[in-house]
Amino acid sequence: MPSSITCTSLAYAWPDGTPVFEGLDVAFGSGRTGLVGVNGSGKSTLLKLIAGRLTPADGAVRVAGEVGYLPQNVTLDTTLSVDEALGIAAQRAALHAIEAGDVAEEHFETVGDDWDVEERALATLGELGLAHIGLDRTIGEVSGGESVLLRLAALLLRRPDVLLLDEPTNNLDLYARRRLYAAVSSWPGVLVVVSHDRELLELVDQIADLHSGEITWYGGNYSVYEAALAAEQEAAERMLRVAEADMKKQKRELVDAHVKLARRKRYGQKMWDQKREPKIVMGARKRAAQESAGKHRIMHEEKLAEAKERLDEAVEAVRDEDEIRIDLPYTAVPPGRTVLTLLDLELAYGARVAGGLDLRGPERVALLGRNGSGKTTLLRTIAGELAPVSGEATAHVPLRFLPQRLDVLDDERTVAENVARFAPGATNNRVRARLARFLFRGARADQKAATLSGGERFRAALAALMLAEPAPQLLMLDEPTNNLDMASVRQLTTALESYEGALIVASHDLPFLESLGITRWLLLDGELREVTPDALARPA
């Protein structure tokens, strides 16, 4: 029987009772499927239901074949050895015992038919760029990105029929991402991947779009999906304009009908008062006029109701994905002005900037490097959060730093209160007016930071920094697209288009960086050096 996933009448709700799915029917067959949707639409929840990590309130999940699941946040016990993390420690120990001459029956039972498990493990690690790790090292000795790849290696060794990946590239550097892309490209079974990584989504065979608790299928990769969705939305907006025009027309015709009926009524009353015709004739004419008026009114009211129904359907078809629209004139930096100076800088964990490096005017700098190379350390040093071992990092303009953890927000304060902390001189009305442009309108600005979704939290943190006083003329972002859906990434890109200061972005997301109009590419690999984007396009 071919491997597959079938969800029938699936229902699930958040702890507060808000429904995520109600009667969802969906099936995934062989091939690679990209599961997309806005933050909070239920993508990760659906994967957890399929993997058996959550129990549906109603309905059923049936999987033909063994399931391998890579969650969004991978946590491995740092005391484990690599072979334990891969799930092969017992088999490996049994193999070594047999090779040493111990022919106890339990060793053969442990090994089973998997005599080449150690060779397969080493080969899998090699394919994922982890050949240098070795099977006897502990997890505490590997980086966060390497631990994600180790978890994937454990799944590949199991050879599951169905592979579920939830945001697998979040903590991976450019080089590790290429290894993951290769593994996804060669996957032979059923694969469902949730990701905001455009390059990864270009490798899938079809897109499953989760929107308002329902899934719509699109054949092809993300580019094909994006074009199809744009065409659908253009058609939906046309239908909305037609429905709005029809609604106005039906309202006008109903008003005109009421005016005509009122005139007829006045004329009939006048004839009755003047008694120009026999009473029986006027009575019959009055009854006929009333019946005609009733039918006329009912006809126009029905047409108006039908027009309203068509308008409601048209509104439902148009997706509400607002864009951030802001104007930040005080962030502008003249082209020749020195914004940042790094001089013979040695960082806390070993990386260094030899000689000097200046950032001038509204430059847009991409900061790249492997996991653990020191990118975050460099940004925190520039921000003044860490002291350098030696050398200087001097900012000549007001700067703000948005870390990966988004811990610039106070969870106990509302969105408006958080922004007000960074702009103490701004009135409440001014704060709210500016927040509205970051899509926090009305009651949304009064939400506590602790209740925000991932995308909302990022938007609130970005608003707090970009609306700060004095206006930041140097903005530094550390892996800003992690955990953001595609709509939120577009919103971020739009917001940064309005920013006129200098920008430093540490990211492994090349398509996102390219969309920002990067002017300098810096690679931190022991030492900070300038590179060309061509050298980064396809790292080995």
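## Positive patch around helix H9

Lysine 249 is a residue of helix H9, and in this predicted model its side chain belongs to a positive surface patch formed together with Lys248, Arg252 and Lys303. Helix H9, which spans residues 222-274, gives the most to this patch, with three residues.

How exposed is lysine 249? Lysine 249 has a relative accessible area of 39% and is therefore classed as partly exposed, since that class lies between the limits of 20% for buried and 50% for exposed residues.

## Arginine 53 and its contacts

Arginine 53 is placed in the loop that runs between helix H1 (43-51) and strand S4 (58-64). Its relative accessibility is 51%, so arginine 53 counts as exposed, the cut-off for that class being over 50%.

Which residues does arginine 53 touch, when those up to four places away in sequence are not counted? The contacts of arginine 53 are Lys48, Tyr69 and Arg151. For arginine 53 and tyrosine 69, the separation is 16 residues in sequence, and their C-alpha atoms are 9.7 Å apart in space.

## Negative and nonpolar patches

A negative surface patch is formed by Asp102, Glu105, Glu106 and Glu109. Within this group, glutamate 106 lies in helix H4, which covers residues 105-111, and glutamate 106 counts as partly exposed because its relative accessibility is 47%.

Valine 103, in the loop between helix H3 (89-99) and H4, takes part in a patch of another kind, a nonpolar surface patch of about 310 Å² that valine 103 makes with Phe108 and Trp115. With a relative accessibility of 60%, valine 103 counts as exposed.

## Salt bridges

Side chains of opposite charge can pair when their charged atoms come close. How many salt bridges does the structure hold? The count for the structure is 21 salt bridges. One of them joins the side chains of aspartate 205 and arginine 32, with an N to O distance of 3.3 Å. This pair links distant parts of the chain, 173 residues apart, with aspartate 205 in the loop between helix H8 (198-201) and strand S8 (206-211) and arginine 32 in strand S3 (residues 31-36).

Are the two partners of this bridge buried or exposed? Aspartate 205 has a relative accessibility of 33% and so counts as partly exposed, whereas arginine 32, with a relative accessible area of 15%, is buried, the limit for that class being under 20%.

## A further pair and a network

The side chains of aspartate 410 and arginine 413 also meet in a salt bridge, at 3.1 Å from N to O. Aspartate 410 counts as partly exposed because its relative accessibility is 28%, and arginine 413 likewise counts as partly exposed, at 34% relative accessibility.

Elsewhere, salt bridges that share partners join Asp83, Arg92, Glu118 and Asp136 into one network. Within this network, aspartate 83 forms a salt bridge with arginine 92, and the closest N and O atoms of that pair are 2.8 Å apart. Both aspartate 83 and arginine 92 are buried.

Note on methods
Residues numbered from 1 in each chain as written. Predicted model: local features only at pLDDT ≥ 70, side-chain atom pairs only at ≥ 80, totals over all residues. Heavy atoms only, no water. Patch = residues over 30% accessible without salt bridge, like charges linked within 9 Å, V, L, I, M, F, W, Y side chains within 5 Å. Areas by Shrake-Rupley, 256 points an atom, 1.4 Å probe, with all protein chains shown as cover. Salt bridge = Lys/Arg side-chain N within 4 Å of Asp/Glu carboxyl O. Lys, Arg positive; Asp, Glu negative; His and termini not counted. Charge placed at Lys NZ, Arg CZ, Asp CG, Glu CD. Helix = DSSP H or I, 4+ residues; strand = E, 2+ residues; numbered from the N terminus. Buried < 20%, exposed > 50% of the residue type's maximum accessible area, 1.4 Å probe, protein only. Contact = heavy atoms within 4.5 Å.
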